[in-house]
Structures are given as structure tokens and as C-alpha cells.
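I'm opening a fresh page for this one. My plan is to look things up one at a time and jot down what turns up.

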Protein chains: 2
Amino acid sequence: MTHKSAITIKDVAQAAGCGVATASRVLNNSGSASADVRERVETAARDLGFSFSAIGRALQSRRSMTIGCLVPSLANPVFAEAVQGVQAELQGSGYQLLISCSNYDEAADDAALEMLLSKDTDALIATMVAPERSAALQLAGRRGIPVALMFHDPMEGFVTSYVDNVEAAREVARQFARLGHRRTGFLALRFSTSDRSRNRYAGFLAECRAGGLPDPALIEIGEAEARQPDRLAVILGQHPGLTAIFASNDFLAIALQNAARLLGWRVPQDMSVAGFDGIEIGRLLEVPLATIETSPEAMGRQAARLLLERLQGGAPVQPPALSFHFRAGATLAPPTPGKGDDGRVAAQPPSAPPAETAQQG
Amino acid sequence: MTHKSAITIKDVAQAAGCGVATASRVLNNSGSASADVRERVETAARDLGFSFSAIGRALQSRRSMTIGCLVPSLANPVFAEAVQGVQAELQGSGYQLLISCSNYDEAADDAALEMLLSKDTDALIATMVAPERSAALQLAGRRGIPVALMFHDPMEGFVTSYVDNVEAAREVARQFARLGHRRTGFLALRFSTSDRSRNRYAGFLAECRAGGLPDPALIEIGEAEARQPDRLAVILGQHPGLTAIFASNDFLAIALQNAARLLGWRVPQDMSVAGFDGIEIGRLLEVPLATIETSPEAMGRQAARLLLERLQGGAPVQPPALSFHFRAGATLAPPTPGKGDDGRVAAQPPSAPPAETAQQG
DNA sequence: ACAAGCCATGGAAACGTTTCCACAGGCCCG
DNA sequence: CGGGCCTGTGGAAACGTTTCCATGGCTTGT
């Protein structure tokens, strides 16, 4: 108790007057032991305040009971929630979570993964800049370490927990089109380092084309513009003809509205906006945000479950994409005739009330 | 490479035709070795794809190079950012982060801490429901494991990284009073499990009294009310006389405005609102949120730094509280005369323009 | 009453690493 | 030319645990 530490099973065995093997059996409830010695060992362990050394155990069992988790950043609530989901699912399984962040840096990604691997993690969960190029990820696979990806589309050799960004983005495009929007834009943050962002654009673009609409404008911005409304406003001002913009995430969608306000544009009258992710605050705003609702928490849970199954000997099996859900919001309305656009009225004016939801998955 | 795994230093030594001791010395650049054998060992290690087993090392060195971190939940961006700060500060130190969440449950708190301890973590960072009652925390202290708290006020026997919630809340009360508000309220979520919430109320109450104002109404709500605007509106409707409400965090402040809207109250004309934390979205809203800005990221970084210093042999030293900053916002205005209140005009009408900021720490 | 089996038990090996120690050879200096 | 001292090297112990195996005593069935 008052000692520095270091009460090993050897101390317990000595205090109980038995061998370490016996003490181990008693404390693990494995093998047999007489009531007598069982009592002595348990008392000794309690009195000495003994607790197992996970390291000793790990060394002998070749399992660290640790799962490594790599995400771009915990400052992004989407990833934080996913990790929370992983954590929740791991509760009670005996596995602990070792986390690492890459800050959206591809080199850091690989380095962090290697670090986790060198820590003898029993399994890995990762969201990366470019999983398809990651040497460390390949290495993990070759070593037979179970790996689950999160947020990424299915990829040869790895299971993943994901939402179909392409399909979700198509849904947004359909909503825009149904309201009569023709000149649209896609506002992207971290386009080069996020396959999610790229997939959303790809889906949006594909559906616009499928609907006979002009290609959406791709507006790429950096961190700085995202958090400085005046700078974002300048960029937005360079795209005057757009009547609806799809932002690659909800935070961006809110920042976008702020920038629009600086330009004197009203949402949704002068410009419609849709986001992605479905963060809860979006629902509470004075003008509720139209967005694609997803559940990062469920994604984390699923990824963790996939790993646990494999750790228990199951075969890797790729589950279907998680469902998403279009959340209607007041940031979305038909374009004001004559404003910005080329003046043509939408081919299909919104006769039906806006669909509340679209399910997929 | 194609093997399951398990290339140990023994294999490297064998391949290089030397003893394991020599291989260890070469690979660690400790002790001496001839250029000849050095070359052979390095080649062998590279060819075999050898990497050290952290477990073997930990067992022998008695240091796991792992730091445990316990927070209530990663779904709360405040804690997620703090962990991100911890993570960032630990980068390059060689320490890895083992995280656990208690979901605001006191029993889970203690269990999780014990779990982390049993994993042989070299140090601990924790935010708990009740650190002063935690047996596991005491145990860690007795074992000589460096511990740093986060978000908690200084506490005998432990260093902590924190912001002075009492003082910050007093600042909010002063801002309210300066604008002429008299009948105020404090909206609290998780009052019983969060000393932060309680301290904020305590400071708010103290300053109201110091300013000769009536005691603020304490409005406690649960998770359910926080995320269902209609239910929150019902509760809010039971407190008709209040002209300004201080919400214990920004999310709550936004939900509160939503509820007010449902009641037909305008913010700030019918009711002023202030939050706490300073989340970024608050700045981007159409009606920017008045709040206390803090930096959870800095808190995490500081906590991590404290631990690293102690792990390098430094003595524990309690740093001063981190600074906070009152962020003015459009949710705050003088009360409309005659509305709700007892009709008396504030003793000190706001002659000076609202102070932009208040610094502390 | 004796063989066969079961139960309780402890010694020892193994896991992967670092480090202490011992040993051998070569060098310098007296 | 011999003693002391570095340098390079490898064997072995230690870290804390689990598990294999051997041992010895006891029970059970014939």
C-alpha cells in the first residue's frame, strides 16, 4: 500500500505460502485449488493490494488487449464521436483504446500507424488521408493484425465501416434539382486530404449530370478561410451566379451562411445551403440546416464490433454501408426567379411538398 | 515478411551471427560494437523487418511509455478538444495515449481509472465526476504515479489544469448587471455530476449577491430536455420573469434560444443569453453568442506538459488557472423595460459601451 | 488390496527485451 | 616485456505472468 508499487504474484504466493503457479490459478479461477489455499491466496492478494501486471500478461499471452485507433483529429466532432462509439463498444470487452491523431497529414498518418503497431496492438482502427497508399497499413495486414477502417469506402483487403458518400451526395443533388436549382456549387475543405470530401463531390457532380444540370462549381478552401468569415465571403463573392451550395460538412455550411450574410445575401432566398454530417446544433438554429444526417457514433461502434468478432476468430466480413438520412431544413428553398441564375425556370417546379427524408443503407 | 509475425531480436542476432546482447546494443545505439557487426545487425534487422516489441521493453524497463486519460465523454467537444491537446503535446515524446470514457458515471469513473492503472500506465490524466471521492485516484497517488487533473479546481495532492469557473461566472454576472438585468437564471445540465457546472453557478450566484441582485433561478435539466426543444420550452415557460439566462455551456445556450423561439420570445429583446466554453460555431451564428471563451486544447496541452515534466523527474508544481475571455455577442442586450421584470430600471444604465473582453489568469 | 485415475500442488520454461558481468584480445606505458 | 586498461563480445539473469509437466496423495472400481 504505502510501497512504491511492485507487488507481484510472487509476493502473493510467498505470503500465502504456496507456489506462484497455484496463486495464478486461484486468482484467475483457472485450474483447481483447495478451499484452504484458495482462501489464503485471496486474502494475501487483498491485503497486499495486488493487481496483475498487464505487461507480464501480455508478454506471456502474446496479446496486449489493446486496440490502436488512428483518426485525423479529435477536434473534429465527427471523429470524436466515432471514437466515442468505438470506446463504448469496447466497454467490457477487456480491450483498451490507444489513440493517435494525424492532423490530416499523410506522412504523420503512416508514422502514427507504425507507432501503434510497434506498441503491439492486437487490432487497428483507422481513418487516414490515403489508406490505399499506406505502407504501415499493408504491413499490419500482412502481419495478420485485424484492421477495420472507418469513413472509407470498401477497399481490397480491409473491412470498413462507412456511409456511402457518393449516394448521399446524389441525394442532395436531387433535392436541389427538385426545388429547381440549376447553378450549384460544392464547397470543400481539405479536398486533397479527404476522400470523403472528394466522394461527396463526385456523387454531387454525377447526379447533376444525370439530371441534365450544369456541372457544379467546385470551391476549395483552406482552414484559414473556413474560420474567417470575411475571407470566405471574398471567395463566395467570386461565384455570384450560384443559387444553391452543398458544403462538405455542417460546420462549413454554417460558416458559409455567415459569409453570405456579410455579402448581404439571404439564406435561403438568395442562396440555398445544405451541409453534411447532421450535427445536432444544426437542428437548433433559427434557420435549421438542411443536411445529410449520419451517425459517426454508429460507425465507430460497427468498426469496433468488426474487430471484436475477428479477434474472437471470426472471418473478416464487409458489412453494407451505414444508412444516412436527408434532413430537411429551412436553408433550402426554391431559387428566387431571376436572381443570379440564368433566368430559366426549373423544368420541374416543386409541386409536391419537400420529401422529409430519404433512407439508404 | 510473409510470416505471421514474431521476428524477435533473437532472430536478428542469429541472422547477423552474433549474440542478442550485441544486437540490442547496435539497434539501440548503446554500448560499443565494431563497424563490422554493426553493419551485419542493421542489415539483418532491415531484411527481416524487425521492430522492437514494446511489451518486452516495458517488462524489462518497468515503463510502459503509456499515459492513461479519462474523460467523461468524447461526444462533448470540450473534452474531445482537450484530449486532442493532450495528444498533440505528447507527440514526439514517445508516450502513447490510452483513453477511457466514463459517460458521467461516478462508478464507471473509478472502474475505468482502475482499468487504466492495471494497464501499467506511467501517468494519468483525468476529468471525473468526483475526483475527491475516487479511491482509484488516491491509489494512483500512493503508488507514486504522476497524475494531472483537467477541468477541476486545485485539489490537495494533485496538480490540475483548469480555468477558474467561479471567476468566469462572476464576469458573466457583471455583464448582466451592467446591462441592467436583475432577474436572472442559470440553466444547468448535469448539475449533480459536474463540478464545473456547480462552480459556475456558485460564481454567478456570488456575484449577483455582491451586486445586490436577487438570487438567480437555478434551472436544472436533463439530457432529454437539452435535446428536445419543446420540452425545454415547457421548462423555460415556468420561469417567465427572467430577462437574462446564463447557460452552463454553449450548446445549452443555443438550445435555450431555440426553446425561447418556440415560446415566441425574441433574443435578446425578450431575453438575453450567455453561454460558456466559446465553441467556434457560436461566433458564426446569425446572432453571435455571448459566451466565456476558454481553450480546452490548451488545458489538455498543459496537463500533458505537467506530466511529462514529472516523468522527467521534475517536482509536481501547480500552475495558475488558464485564462478565459468574455466574448461579447448579440444574444446580450439590456432588458426591455417593463418586460417580465419587476419594472424597476437598472441602478446603473449602460452608459459605457459594452466591454469587449475581460481577461483573467 | 491393487491398479487406475483424479486432484492439488509447485518447479520450470517461455514470452522479448535490457543490462550486468565475464572474458578475450589488443594497446599503451612504464 | 609485463601489468593495467580499454574495446568488443556473448552468456545469463531479470522483469511478471501463464502453462506444461511431474509428483504425490487420495479415491474409486474391480
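**Entry 1: DNA strand C**

I began at the backbone of Gly19(A), where a polar atom sits 3.0 Å from a phosphate oxygen of DNA strand C. A note to self before going on: this is a predicted model.

Next I looked for side chains that reach the phosphates of this strand. Ser32(A) has a polar side-chain atom 3.0 Å from a phosphate oxygen of DNA strand C. From the other chain, Asn28(B) also places a polar side-chain atom 3.0 Å from a phosphate oxygen of that strand. Which elements give two or more residues to the surface near DNA strand C? I found α2 (20-28) and α4 (54-61) of chain A, together with α2 (20-28) and α4 (54-61) of chain B. The largest share comes from α4(B), with 4 residues.

Then I took in the whole surroundings of the strand. I noted 26 residues around DNA strand C, and the closest are Thr22(A), Ser32(A), Ser34(A), Ile9(B) and Ser24(B). What part of the strand faces them? Of the atoms of DNA strand C that come within 4 Å of the protein, sugar and phosphate account for 69%. Sorted by class, the surface near DNA strand C has 10 nonpolar, 13 polar and 3 charged residues.

**Entry 2: DNA strand D**

I went through the other strand in a similar way. How many residues are around DNA strand D? There are 27, and those that come nearest are Ile9(A), Ser24(A), Thr22(B), Ser32(B) and Ser34(B). Sugar and phosphate make up 67% of the atoms of DNA strand D that come within 4 Å of the protein.

I wrote down three of the atom pairs here. The side chain of Ser24(A) has an N or O atom 2.8 Å from a phosphate oxygen of DNA strand D. For Ser32(B), an N or O atom of the side chain is 3.2 Å from a phosphate oxygen of this strand. Gln60(A) goes for another part of the strand: a polar side-chain atom of Gln60(A) is 3.1 Å from a sugar or linking oxygen.

I checked the elements too. At least two residues of the surface near DNA strand D come from each of α2 and α4 of chain A and α2 and α4 of chain B. By class, I get 10 nonpolar, 13 polar and 4 charged residues for the surface near DNA strand D.

**Entry 3: How the two chains are related**

What rotation superposes chain A on chain B? I read off 180 degrees, with 0.0 Å of shift along the axis and an RMSD of 0.1 Å. The two copies are therefore related as by a two-fold rotation axis. Both copies use the same surface, as 100% of the contact residues of chain A recur in chain B. I also wanted to know which residue of chain A comes closest to the rotation axis. That is Leu98(A), with its C-alpha at 2.2 Å.

**Entry 4: Gln84(B), across the chains**

I picked Gln84(B), which lies in helix α5 (residues 77-90) of chain B. Is Gln84(B) buried or exposed? Its relative accessibility is 6%, so Gln84(B) counts as buried, the cut-off being under 20%. The Gln84(B) side chain makes a polar contact with the side chain of Ser73(A), at 3.5 Å. Beyond its neighbours within four places in sequence, Gln84(B) is in contact with Ser73(A), Leu74(A), Ala75(A), Cys101(A) and Asn103(A).

**Entry 5: Arg196(B)**

I found Arg196(B) in helix α9 of chain B. At 9% relative accessibility, I have Arg196(B) down as buried. Not counting residues up to four places away in sequence, Arg196(B) touches Phe79(B), Thr127(B), Phe151(B) and Asn165(B).

**Entry 6: Aromatic rings**

Last, I looked at the rings. I noted 20 aromatic pairs over all chains. One of them joins Phe176(B) and Phe204(B): the ring centres are 5.7 Å apart and the planes stand at 85 degrees, so I call the pair edge-to-face. This pair links distant parts of the chain, with Phe176(B) in helix α8 (residues 165-179) and Phe204(B) in helix α9 (residues 195-210), 28 residues apart. Phe176(B) is buried at 1% relative accessibility, and Phe204(B) is buried at 0%.

In chain A, I found one aromatic cluster formed by Phe176(A), Phe186(A), Phe191(A), Tyr201(A), Phe204(A), Phe246(A) and Phe276(A).

Methods:
Residues are numbered from 1 along each chain as its sequence is written. Chains are lettered from A and ligands numbered from 1 in the order in which they are written. This is a predicted model: local features need pLDDT of at least 70, side-chain atom pairs count only at pLDDT 80 or more; totals for chains, interfaces and linings use all residues. Side-chain values use heavy atoms; hydrogens and water are left out. Copies are superposed by least squares on the C-alpha atoms of residues with pLDDT of at least 70 in both. Contact means heavy atoms within 4.5 Å. A residue is near a molecule or strand if one of its heavy atoms lies within 4 Å of it. A polar contact is a pair of N or O atoms within 3.5 Å; within protein, one must be able to donate a hydrogen and the other to accept it, and residues adjacent in sequence count only if both atoms are side-chain atoms. Ala, Val, Leu, Ile, Met, Phe, Trp, Tyr, Cys and Pro count as nonpolar, Asp, Glu, Lys and Arg as charged, and the others, Gly among them, as polar. Rings of Phe, Tyr and Trp (its six-membered ring) pair if their centres lie within 6.5 Å; planes under 30 degrees apart count as stacked, over 60 as edge-to-face and the rest as tilted. Buried means under 20% relative accessible area, exposed over 50%, partly exposed in between (1.4 Å probe, protein chains only).
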